Amino acid sequence: QASDVDAVLSEDDTWISTRVTGVVQDVFLRSKGVRISRGRTLQAQTSDGEITIGGVRVRAIESGTPDLPKWSVGRQYLLFLENFNQSGVYYPTHQPLLVDHQKLIYSQPDDEPNQIRNPLATHSLNEVARLVRRMYTTI
């Protein structure tokens, strides 16, 4: 569940990212050595964002990255995360999905008809957890 959403400028001021802080509600699968557990607060960062610079609203969108939701504090999201540089900040490897009443919701606007819909959208969170665990234990 998202507890804070903040747009941040890169150290060299050339890019905007969004950093989402949240509390882990459940862990479907974890890699060896990864210490993510229920109740832990963690940060996820996406390579897009919107920020006001000198009174002008600026939005950065990186091509080739997963379609990302408009993050909202208090909402719950399904995230598949990776930690590339052991910094403690995680990065989505797939499109995050909004969770609403234990059902996954595709959160992209309908005015983007050419976007490919996430195949997990409209499934229940329990169904996806079962599928993910089964898929990765049989590989």
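Student: Which side chain meets Asp100 in a salt bridge?
Tutor: This is a predicted model. Side chains of opposite charge can pair when their charged atoms come close. For Asp100 the N to O distance is 3.9 Å, and the cut-off is 4 Å. The partner is Arg75.

Student: How many residues apart in sequence are the parts that Asp100 and Arg75 tie together?
Tutor: Asp100 lies in strand S9, residues 97–100. Arg75 lies in the loop between strand S5 (56–61) and strand S6 (76–78). The pair therefore ties together parts whose separation in sequence is 25 residues.

Student: Is Arg75 buried, partly exposed or exposed?
Tutor: Its relative accessible area is 32%. Buried needs under 20%, and exposed needs over 50%. Asp100 also has a value of 32% and is partly exposed. Arg75 is therefore partly exposed.

Student: Which residues do salt bridges that share partners join into one network?
Tutor: The structure holds three salt bridges. Glu50 meets Arg57 at 3.3 Å, N to O. Glu50 also forms a salt bridge with Arg59, with the closest N and O atoms 3.8 Å apart. The network joins Glu50, Arg57 and Arg59.

Student: What is the relative accessible area of Arg59?
Tutor: Glu50, its salt-bridge partner, is partly exposed at 32%. Arg59 is partly exposed too. Its relative accessible area is 47%.

Student: In what order do the five strands of the open sheet run?
Tutor: The pairing in this sheet is mixed. Strand S2 (residues 16–23) pairs with strand S3 (residues 41–46) in the antiparallel sense, over six bridges. The order of the sheet is S1-S2-S3-S8-S7.

Student: Which are the edge strands?
Tutor: The open sheet has the order S1-S2-S3-S8-S7. An edge strand here pairs on one side only. That picks out S1 (2–9) and S7 (81–82).

Student: Which residue in S3 stands opposite Thr18?
Tutor: Thr18 lies in strand S2. S2 and S3 pair in the antiparallel sense. The residue opposite Thr18 is Thr46.

Student: Is Thr18 buried or exposed?
Tutor: Leaving aside neighbours within four places in sequence, Thr18 is in contact with Val5, Asp6, Ala7, Ala44, Gln45, Thr46, Asp48, Gly49 and Trp71. Its relative accessibility is 8%. The cut-off is under 20%, so Thr18 counts as buried.

Student: Why is the pair of Trp71 and Tyr77 edge-to-face?
Tutor: A pair of aromatic rings is described by the distance of the centres and the angle of the planes. The count comes to one aromatic pair. The ring centres of Trp71 and Tyr77 are 4.7 Å apart. Edge-to-face needs planes over 60 degrees apart, and the planes here stand at 65°.

Student: Are Trp71 and Tyr77 buried or exposed?
Tutor: Trp71 is one of the contacts of Thr18. Its ring pairs with that of Tyr77. Trp71 and Tyr77 are both buried.

Student: Which element gives the most to the largest nonpolar core?
Tutor: This core has nine residues: Phe28, Leu78, Leu97, Val99, Leu104, Leu125, Val128, Ala129 and Val132. S9 and helix H1 (125–137) each supply at least two of them. With four residues, the element that gives the most is H1.

Student: Which residues is Val128 in contact with, leaving aside neighbours within four places in sequence?
Tutor: Val128 belongs to the largest nonpolar core. Phe28, Leu78 and Leu104 are also in that core, and Val128 is in contact with them. The full list is Phe28, Leu78, Leu104, Leu120 and His123.

Student: How far apart in space are Glu62 and Ile16, C-alpha to C-alpha?
Tutor: Glu62 lies in the loop between S5 and S6 and is partly exposed at 35%. Beyond four places in sequence, Glu62 touches Trp15 and Ser47. Glu62 and Ile16 are 46 residues apart in sequence. In space the distance is 9.8 Å.

Student: What share of the residues in the protein chain is buried?
Tutor: The protein chain has one helix and 10 strands. From the N terminus on, the elements run β-β-β-β-β-β-β-β-β-β-α. The chain has 139 residues, and the buried share is 30%.

How values were computed: Residues numbered from 1 in each chain as written. Predicted model: local features only at pLDDT ≥ 70, side-chain atom pairs only at ≥ 80, totals over all residues. Heavy atoms only, no water. Pairing = 2+ DSSP bridges. Helix = DSSP H or I, 4+ residues; strand = E, 2+ residues; numbered from the N terminus. Phe/Tyr/Trp six-rings, centres within 6.5 Å; stacked < 30°, edge-to-face > 60°. Buried < 20%, exposed > 50% of the residue type's maximum accessible area, 1.4 Å probe, protein only. Contact = heavy atoms within 4.5 Å. Core = buried A, V, L, I, M, F, W, Y, C linked by side-chain atoms within 4.5 Å.
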